[in-house]
Amino acid sequence: HAGQVGIYLCGATVQASPHVGHLRPAVAFDILRRWLERRGLQVTLIRNVTDIDDKILAKAKAAGRPWWAHAQAFEREFTAAYDALGVIPPTYEPHATAHVTDMVALMRRLIDRGHAYQGRPGNVYFSVTSFPEYGALTHQGVDQLKSTEEVAPGQAESGEDDKRDPRDFALWKAPKPGEPATAAWPTPWGVGRPGWHLECSAMAWRYLGETFDIHGGGIDLRFPHHENEQAQSRAAGFGFARYWVHNAWITQAGVKMSKSLGNTLSAAALLAQYPPAVVRYALASGHYRSMMEFSDVTLKEAATAWERLSGFVQRAGERVGQPSAERVAAVPVPDAGAADAGASGSAVGFPPEFVAAMDDDLGVPAALAQVFEAMRRGNTALAAGDDQATETALLQVRAMLDVLGLDPAGDRWGGAAGGGRERAALDALVTGALERRQAARAAKDFGEADRIRDELQAAGVQVEDSPDGPRWSL
C-alpha cells in the first residue's frame, strides 16, 4: 500500500531470560523502522510473543510454577531489556495464546484446500508434498529433507508417529502425558495446542493481511520456521511476505550464542556492566547481515565511540544551544546524490552519503562513517569559533544518530549530553561545586580544589579544564 509498510518480526519465545543474541534483532529492526519512518512511510510493526511451546512447558514444570506464570515473568524481562535499549515498542505485540481462533481458521482453510490433515485427535499436520513450492525460501528440495521440524539431536518427535510423511510438520499438537490441562484448547480436530510455525502465519494474517511487505527475524529461523511459515501461508492462498530480512548471529569466540551451547551473556548482566547506550551502539554498529563477535573489546570500542559522539554534542550544545527534539526530527532527507544544503536553520538536511548508505540495505557502518565525518567538521568549526558551521554539524550529527536510536541529547539519552530535567538538576549542583573549586584555586587553596575535583570524580563526574573554563561530563 502506497506510503505504508507492514513488518512482521519474529519475537521472543519466553522460556528463559533474554541474552544479547535476542537484543540484536530488536535493535536492527528498530533502526529499519526508524529509517522507513524518516523516509516518510507509515510503519506497522508486529512483533509476536511465543508464550506456549514445548520448552516453556518443560522449564515451567522444572521450576515448579504454572507455565503461563513462567512465560509472563520472562516476557517482562524481555520488555525491560528492549526498553533499556530505547527500542520503540511495536505497533502491536500479539501472543500465541490469544490467537487460537485465528489458527483454527487457518487450519480449516488448509484442510479444505488439501494441504493439511488430521492424525490422531488433537494432531493436525501440513502435508509438505502437497505444496510444490516447499523449500523455495531456503532453496531446498523436499527429497533432500528427512524432517521439517525443529527436533533436538537424539529426540524423537514424541506423539507424532501418525504423520503420513515424516517430513510433514505439526500445525496443532495433542497434549503429551503430564502436560497441564490449561495448556490445551478445543478445536474441531481435538484438544491441543499450537505448533510453533502456525502462530506466526495466523498473526501476520490477522494484523497485516494476506500479503505484507517485510518478514524479519534471525537467520537461524530461516529453516524450518520461516520455510514452514511461508509454505502454509502460500498454500492457504496468501501472498504472505514480499521481502525477507534476516539478521546474522552474535558470536563469542566464533561460536553462535545460544542457550543450548551455554555461551550466552544475559541482557541483565550486560546492562548492569555497561551503559545501555553503549550496548545499543555496539549492537547497531555492524551490518545487520554480518556475524558480530561480542566481547569486552567490542564494548570498550563502543564506549569510546559513544563518549566521543556525546562529548561533541555536549560541547557544541554549550556553544550554540541544543536544537529542540522537534527541530532534529524535522531535518529533511534529500534524495541520495543530491547536494548537501549545509546551511543553518531549516535548510540543513541529512548528508546524501548517509542517505545512500541507509538506503543500500541499511548500511549502518557506512552511515556511521558519515556521522563521524560530520562530527569532525563540527570540532573544526568549534576550534575556529564558527558558530554557524558548528550548529549545522550538531544538527546533522543528532539527526543521523536519532535514526540509529542514539541521539545523545534526545529524550532517551538526554542525560548524556544536556537534555532532561535530571541533567538540569545535576548541572546546577555540579556547576556550584566547580565554582567553589575555581574560587579555591584563585585563593591558591589547591588542596581544597583537588578535594572538590576528587569528590566529583568519585561520583562519576569528569572535570576538564579548558580555556573557556571547566567543563564536566559523566
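Is Glu-448 buried, partly exposed or exposed? In this predicted model, Glu-448 is partly exposed, because its relative accessible area is 28%, a value that falls between the limits of 20% for buried and 50% for exposed residues. Glu-448 belongs to helix α15, which covers residues 446-458, and its C-alpha atom is separated by 56 Å from that of Leu-45, a residue 403 places away along the chain.

From there the reader may turn to strand β1, made up of residues 4-9. Five of the six residues of β1 are buried, so this strand is largely enclosed by the rest of the structure. Strand β1 runs parallel to strand β2 (residues 42-47), to which six bridges join it, and within this pairing Gly-6 stands opposite Thr-44 of β2. Strand β1 also runs parallel to strand β7 (residues 211-218), here with three bridges between the two, and Tyr-8 has His-215 in β7 as its bridge partner. Together with helix α1, which spans residues 20-38, strands β1 and β2 form a β-α-β unit that is right-handed.

Another charged residue to consider is Glu-75, which is found in helix α3 (residues 67-84). Glu-75 is buried and yet takes part in no salt bridge, the nearest side chain of opposite charge being that of Arg-76, 7.8 Å away. Since a salt bridge requires the nitrogen and the carboxyl oxygen to be within 4 Å of each other, the separation of 7.8 Å from Arg-76 leaves Glu-75 without one. The side chain of Glu-75 does, however, make a polar contact of 2.8 Å with the side chain of His-95. When residues up to four places away in sequence are left aside, Glu-75 touches Val-14, Val-49 and His-95.

Elsewhere, oppositely charged side chains do meet, and the structure holds 27 salt bridges. One of them joins the side chains of Asp-402 and Arg-38, with a distance of 3.2 Å from N to O. Asp-402 lies in helix α13 (residues 387-403) and Arg-38 in helix α1, so this pair ties together parts of the chain that are 364 residues apart in sequence. With a relative accessible area of 24%, Asp-402 is partly exposed, whereas Arg-38, at 15% relative accessibility, counts as buried.

A further salt bridge brings together the side chains of Glu-179 and Arg-193, at 2.9 Å from N to O. Glu-179 sits in the loop between β5 (169-173) and β6 (193-194), while Arg-193, 14 residues away, is in strand β6 itself. Arg-193 counts as buried, with a relative accessibility of 1%. These two residues also belong to a network of salt bridges in which Asp-54, Lys-173, Lys-176, Glu-179 and Arg-193 are linked.

The last pair considered here is Asp-361 and Arg-289, whose side chains meet in a salt bridge of 2.7 Å from N to O. Asp-361 is in the loop between α11 (352-359) and α12 (364-384), and Arg-289 is in the loop between α8 (276-285) and β11 (292-293), so their salt bridge ties together parts that are 72 residues apart in sequence. Asp-361 is partly exposed, at 28% relative accessible area, while Arg-289 is exposed, at 52%.

Definitions and conventions:
Residues numbered from 1 in each chain as written. Predicted model: local features only at pLDDT ≥ 70, side-chain atom pairs only at ≥ 80, totals over all residues. Heavy atoms only, no water. Helix = DSSP H or I, 4+ residues; strand = E, 2+ residues; numbered from the N terminus. Buried < 20%, exposed > 50% of the residue type's maximum accessible area, 1.4 Å probe, protein only. Lys, Arg positive; Asp, Glu negative; His and termini not counted. Polar contact = N/O pair within 3.5 Å; in protein donor to acceptor, adjacent residues only side chain to side chain. Contact = heavy atoms within 4.5 Å. Pairing = 2+ DSSP bridges. Right-handed = clockwise from strand over helix to strand, strands pointing away.
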